[in-house]
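The following exercises are intended for a reader who meets this structure for the first time. Each task is followed by a solution in steps.

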Amino acid sequence: MTTGSDPQSTEPPTLPTAAGTLARFLESPRSYALVVPTVNACVAATGLFIPWFMEPVSFGQFILISTFVQYLWLLDLGTSQLITRTAARMKQAGMGKPAGVRIQGILWTRFYLAAIAITSALLLAYFFRDSFKVPLPMPATLLAITAGGVLFILMGHLALYRGLSNYVQFTANNAIAQVGLTVPRVLGLFFGGLSGCFSVLILWFGGIAVNMLRRDPLDIRYRPSLPRVGRTIVGAFPLFVSVSLWSFFMMANRWFVAQLADPETYGQFSFAAAVLGLYAGTFGTIAQAYYPKLSAEAYAAEPFALSPRVVNDALKLALVISVLSSIGVLTAKLIVPLVYSAYAEAVPALKIFLVAGIPMIMASWLMPIAMSARTRPSREIVTVYLLAIATLWAGTVIGYRMAELEGVGVGVIVASYVMLGGQSVLLRRSRVLSIRDAARLVATVVLLSGSVTLLSVFVAP
């Protein structure tokens with residue numbers, strides 16, 4: 001209550017600044033859900049630009065050796081997942097910095113593993129450089145492995161920030177790292193070829209890693225002994241198996257086909273596979289923003305209580321994907337020869353790969369839910385993934401010998417359905433999906449992909 005004698009404030013009201021608004025946005029979980037998928041969409045867009053100025057043989061080599069950048073960090077043997085889990089427990093204990101024996105021990109272990117991974121990959125690439133029909137250009141391959149090793153180190157601190165719920169550092173550094181795969185990578189590729197591309201990525205990822213290590217350095221006092229390193233790896237390994245098998249499934253046919261196809265044909269395959277990879281990867285990133293809240297609810301819910309919601313959301317996504325695949329199938333024969341004239345021969349395979357995208361993206365959507373379920377059946381997860389990988393290998397080899405790239409696409413479809421069916425079984429075993437909802441999901445995806453197949457065969461042959 002005021003009186004007439006109360007002095008009136010002469011200071012203007014404080015208005016929120018742009019910097020303050022940005023800081024508050026980055027501190028919220030929504031920042032990752034909005035920023036990272038947007039940046040990944042930009043990565044996909046620039047990825048579609050790359051084959052426009054590259055001829056098929058060079059593009060095939062680019063796609064093949066890029067797997068070292070994308071997947072070398074998987075050789076951390078699960079320590080990324082372990083550090084996230086440990087950091088989350090630290091946060092619950094009121095610790096916000098990577099101090100202490102446990103967290104520093106994992107960071108040091110990852111550093112050792114990065115050195116081992118880089119050295120092993122360099123030696124393997126050198127000794128097996130002539131084992132594929134697609135030649136591996138050694139200077140660019142060595143640079144790609146080095147870029148993957150730098151990303152390996154960078155991922156450890158990203159995992160730490162994720163566990164500490166430090167969304168400012170996690171979102172900002174994650175987004176900046178992804179930005180390196182847009183214009184910087186394309187410019188390096190355009191002006192410096194394969195070696196220029198991966199040199200740019202080494203500098204880009206290296207700058208981010210140095211900045212994070214300066215902010216949260218490794219403490220020499222907590223460098224672990226070899227027995228402690230061994231215990232850390234043993235503790236992390238179960239987390240490594242399922243994630244690595246999934247990632248291997250997503251990229252393995254690049255190496256399978258490299259053993260079968262000549263460089264020109266491999267370039268055509270790489271174009272179709274790159275489109276599918278960008279297509280599936282974009283929706284996989286969206287799934288990373290979708291599943292954490294759902295997983296948290298699943299922990300508190302009764303068995304199968306969320307089954308209708310999970311399936312209904314998945315079927316809405318399946319419908320969207322089917323529409324996009326239909327558009328791609330109808331327009332591929334017109335757009336590809338017009339925009340990517342060097343890849344016109346890839347059109348038949350591309351249309352099949354677009355059909356494969358429907359079950360593959362649905363499996364990708366369900367994967368993080370199955371992995372984070374409260375009653376996760378670990379042995380069944382390994383069995384499903386190994387079965388899907390074996391199907392992919394057999395489908396690739398048999399399909400290529402029978403119908404070359406179109407046969408490879410059919411093999412991808414079959415393997416994707418094995419993975420989708422397996423994910424549905426895992427979610428049933430985890431008491432997330434009911435049998436009825438799991439069957440409804442798989443049957444609907446079969447119907448939708450079958451419809452797009454008929455569209456491709458009879459409307460846009």
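## Exercises on a predicted model

**Exercise 1. Identify the helices that each supply at least two residues of the lining of the second largest pocket, and describe that lining.**

Solution. The structure is a predicted model.

Step 1. The helices in question are α3 (56–71), α5 (101–127) and α9 (226–258). The greatest contribution comes from α9, with seven residues.

Step 2. The space in the second largest pocket amounts to about 610 Å³. Its lining has 23 residues, and those closest to the centre are F68, L124, F248, M251 and W255.

Step 3. Sorted by class, the lining of the second largest pocket comprises 18 nonpolar, four polar and one charged residues.

**Exercise 2. Determine which residues line the largest cavity, and which helix gives the most to the lining.**

Solution.

Step 1. The structure contains three cavities of 30 Å³ or more. The largest cavity has a volume of about 70 Å³.

Step 2. Its lining is formed by L107, R110, F111, I153, H157, L213 and L218.

Step 3. At least two lining residues come from each of α5 and α6. Helix α5 gives the most, namely three residues.

Step 4. The classes represented in the lining of the largest cavity are five nonpolar, one polar and one charged.

**Exercise 3. Compare the expected span of helix α6 with the distance between its end C-alpha atoms, and state how many of its residues are buried.**

Solution.

Step 1. Helix α6 covers residues 138–163, which is 26 residues. At 1.5 Å a residue, the helix should span 38 Å.

Step 2. The end C-alpha atoms of α6 are 37 Å apart, which agrees with the expected span.

Step 3. Of the 26 residues of α6, 19 are buried, so the helix is largely enclosed by the rest of the structure.

Step 4. Just after α6 comes S165, with a positive phi of about 55°.

**Exercise 4. Decide whether V445 is buried or exposed, and list its contacts beyond its neighbours within four places in sequence.**

Solution.

Step 1. V445 belongs to helix α14, residues 435–459.

Step 2. The relative accessibility of V445 is 0%; since buried means under 20%, V445 counts as buried.

Step 3. When neighbours within four places in sequence are set aside, V445 is in contact with A318, I358, P359, M362, Y417 and L420.

Step 4. One of these contacts, Y417, lies 28 residues from V445 in sequence, while the C-alpha atoms of the two are 9.2 Å apart in space.

**Exercise 5. Classify the aromatic pair F59 and F62 and the aromatic pair F190 and F191 by the angle between their planes.**

Solution.

Step 1. The structure holds 19 aromatic pairs. In the pair F59 and F62, the ring centres are 6.2 Å apart and the planes stand at 35°, so the pair is tilted.

Step 2. F59 and F62 are three residues apart in helix α3, and therefore about one helical turn separates them. Both F59 and F62 are buried.

Step 3. The pair F190 and F191 has 5.1 Å from centre to centre and 85° between the planes; this pair is edge-to-face.

Step 4. F190, at 48% relative accessibility, counts as partly exposed, whereas F191, at 67%, counts as exposed.

Step 5. F59 and F62 also belong to one aromatic cluster together with F198, F271, Y340 and Y343.

Methods. Residues are numbered from 1 along each chain as its sequence is written. This is a predicted model: local features need pLDDT of at least 70, side-chain atom pairs count only at pLDDT 80 or more; totals for chains, interfaces and linings use all residues. Side-chain values use heavy atoms; hydrogens and water are left out. On a 1 Å grid over the protein atoms alone, a cavity is a set of points where a 1.4 Å probe fits but cannot get out, and a pocket is an open set with protein on both sides within 12 Å along at least five of seven lines; lining residues have an atom within 4 Å of a point. Grid points are joined across faces, edges and corners, and a volume is the space filled by probe spheres set on the points. Helices (H or I, at least four residues) and strands (E, at least two) are DSSP runs, numbered from the N terminus. Ala, Val, Leu, Ile, Met, Phe, Trp, Tyr, Cys and Pro count as nonpolar, Asp, Glu, Lys and Arg as charged, and the others, Gly among them, as polar. The expected span of a helix is 1.5 Å times one less than its number of residues. Buried means under 20% relative accessible area, exposed over 50%, partly exposed in between (1.4 Å probe, protein chains only). Contact means heavy atoms within 4.5 Å. Rings of Phe, Tyr and Trp (its six-membered ring) pair if their centres lie within 6.5 Å; planes under 30 degrees apart count as stacked, over 60 as edge-to-face and the rest as tilted.
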